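This report covers cysteines, aromatic contacts and nonpolar cores. The sequence and coordinates are shown below.

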Amino acid sequence: MLRGFPLLLRPPVSAPERWRICKSKMSGMPKPPCPKFISLEDGEFTTKSTSNGFKFRLVSYNILAQVYVKSSYFPHSPSSCLKWKARSQAILMEFKNLSADFLCIQELDEYNSFYKSNMESLGYSSLYIQRTGQKRDGCGIFYRSSSAELILMEEIHYNDLVNGIDYENVPTEIESNNTLDVDRREEASGKDSTKANSHGDQGDPNDPCVRLKRDCVGLLMAFKLRDPSNHLIVVANTHIYWDPNWADVKLAQVKYLRRRVSQFKEIVSNKFCSTPSVIIAGDFNSTPGDEVYQYLVSANSDSEAPAIQLCSLYATNGGEPPFTNCTPDFTGTLDYIFLSDPGYLKPVSLLEVPGPQSADIIGGLPNHYHPSDHLPIGADFVVLGSSNSLIIPELQDVEDRLSKFEIGEQMKVQNN
């Protein structure tokens, strides 16, 4: 959830319905739109079963943590759609309809009490990292065990920037914002300043250590796809700090993210003798063209991070969505999926994001059609091959011992 940006785009008052409607289990509620994945080859709607070769679907979605759902933050939303009972079932239904193999979820709360068990019943395994401090939400990755096997994972705590990790080049950037005082911060951030203060954000914002300690997190997970090529993918899921006036903090976080992803990719490559494809998804709280976005898609890697080149999935396939976050206070694109080394993966369809003419976003989100103030983004990918044959050390050791045993048995037979 992000508040305090200037209004970039507002939906029209009336527009034709363009979504195909699917059945809802919530009686008396408007029926939610069914997700549409549009083929990049022929422009027609597609499903996971229509493509040749091993195919998987990845979706990124900021579901709006229930802890942040208050009528004062969303006065435009019907009160009935803000209640946990209705929202939780609507989100779960949306997860079902998306039918993804990988779900990268931000602002995930109620994980242990609701989502973990319900998603397990749908065939998903998952890992979750909660934000530090007093924050109750975090990031989670749900994945179908039938589609992929988890082989390695790491957590990202952006508070580590305070402890000196990747910190040598940060102070100059952070200290350059010492003109921002608390009064300006509260004036610029509007309702979110109240939310932030209520969650224990204290201290001098001009102090780099205070400024960098935003309690944001992320997950790095490496998977072996269950296809004949045994291709590996690294999936990163993150939620970057929200404040539009703290671009220096956001930039420090994405630089740290890029460094960690590069290191993790190298670890996976060395451990499993195969170069993985990389997919980075999340809510970056940054609009296309700003400094954070430009850094992520820049062809030049700075000295503090190993070279890893990223491209935006949507930008390279027709353009970023007109918006992924839609409220009366702000409408714009904040959510992205970035790819690195896409040579072994081919995106074949994109999840359609409603545009300004879509009736289901009139008046802003959340509403009865969409349970979050964000919209999901995603794609179907086809595996084109693998850089190397995957050799898992533990399995290779077993195979070597079996091979030696078989040779020994053959020699005994020959000697006899």
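In this predicted model, the sulfur of C216 has its closest cysteine sulfur in C139, 8.6 Å away, and a disulfide requires sulfur atoms within 2.5 Å, so the two are too far apart for a bond. Searching the whole structure gives 0 disulfides. C216 is buried, because its relative accessibility is 4%. C81 also has a relative accessibility of 4% and counts as buried.

The aromatic residues form 20 pairs. In one of them, W84 and F114 meet edge-to-face, with 5.3 Å from centre to centre and 75° between the planes. This pair links distant parts of the chain: W84 belongs to helix α1 (residues 84-98) and F114 to helix α2 (residues 111-120), 30 residues apart. W84 is partly exposed at 27% relative accessibility, whereas F114 is buried with a relative accessible area of 10%. Both residues are part of one aromatic cluster, which also includes Y61, F95, Y111, Y115, Y128 and F142.

Two arginines lie over ring faces, as tabulated here.

| Arginine | Ring | Distance to ring centre |
|---|---|---|
| R211 | W246 | 4.0 Å |
| R258 | Y295 | 4.8 Å |

The largest nonpolar core comprises 54 residues, and F102 and L103 have the most contacts inside it. Apart from neighbours within four places in sequence, L103 is in contact with V59, F95, L98, M119, Y124, G140, I141 and F142. A second, separate core has 36 residues, among them I151, L220, V268 and F272.

Note on methods. Residues numbered from 1 in each chain as written. Predicted model: local features only at pLDDT ≥ 70, side-chain atom pairs only at ≥ 80, totals over all residues. Heavy atoms only, no water. Core = buried A, V, L, I, M, F, W, Y, C linked by side-chain atoms within 4.5 Å. Buried < 20%, exposed > 50% of the residue type's maximum accessible area, 1.4 Å probe, protein only. Contact = heavy atoms within 4.5 Å. Phe/Tyr/Trp six-rings, centres within 6.5 Å; stacked < 30°, edge-to-face > 60°. Helix = DSSP H or I, 4+ residues; strand = E, 2+ residues; numbered from the N terminus. Lys NZ or Arg CZ within 6 Å of the ring centre and 35° of its normal.
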